[in-house]
Amino acid sequence: MSAQGASAEIIPFHQRPTCTVKEACRATGLSRTTLYERMADGTLLTKPVGRRRLVNVKSLLKLVGAEPEAGSLA
């Protein structure tokens, strides 16, 4: 483990701005194919960064109907 990783705070999933496709699959139980289909039809927002594709967590939570309540982020 790097020194940077040891001191980094753990951010709750619903508060993260993005996640990887692999993390999105684990969090939702959806397959990579399903996620890529939702990316293609514009339902799931993503951002390519270098060779990676980052999934917008708010968009992912909206897709599965698991948006946190407005007051729970404070």
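**Close-up 1. Ser 59 sits in helix α4.** The model shown is predicted. Ser 59 is buried, because its relative accessible area is 8% and buried means under 20%. Which residues does Ser 59 touch, leaving out those up to four places away in sequence? They are Thr 43, Leu 44 and Leu 45.

**Close-up 2. The largest nonpolar core has 11 residues.** Leu 44, a contact of Ser 59, is one of the core residues. Four cores members are leucines or valines from the later part of the list: Val 55, Val 57, Leu 60 and Leu 61. The others are Cys 19, Val 21, Ala 24, Cys 25, Leu 35, Met 39 and Leu 44. Which elements give two or more residues to this core? They are α2 (21-28), α3 (32-40) and α4 (57-63). In soluble globular proteins, nonpolar side chains tend to be buried together.

**Close-up 3. Cys 19 belongs to the core and touches residues from other parts of the chain.** Its contacts include the core residues Ala 24, Val 55, Val 57 and Leu 60. Cys 19 also touches Phe 13, Arg 53 and Leu 54. Residues up to four places away in sequence are not counted here.

**Close-up 4. Arg 32 lies in helix α3.** Is Arg 32 buried or partly exposed? Arg 32 is partly exposed, because its relative accessible area is 45%, between the 20% and 50% cut-offs. Beyond four places in sequence, Arg 32 touches Val 21, Lys 22 and Cys 25. Val 21 and Cys 25 are both core residues. Arg 32 and Val 21 are 11 residues apart along the chain, yet their C-alpha atoms are separated by 7.2 Å.

How values were computed: Residues numbered from 1 in each chain as written. Predicted model: local features only at pLDDT ≥ 70, side-chain atom pairs only at ≥ 80, totals over all residues. Heavy atoms only, no water. Core = buried A, V, L, I, M, F, W, Y, C linked by side-chain atoms within 4.5 Å. Buried < 20%, exposed > 50% of the residue type's maximum accessible area, 1.4 Å probe, protein only. Helix = DSSP H or I, 4+ residues; strand = E, 2+ residues; numbered from the N terminus. Contact = heavy atoms within 4.5 Å.
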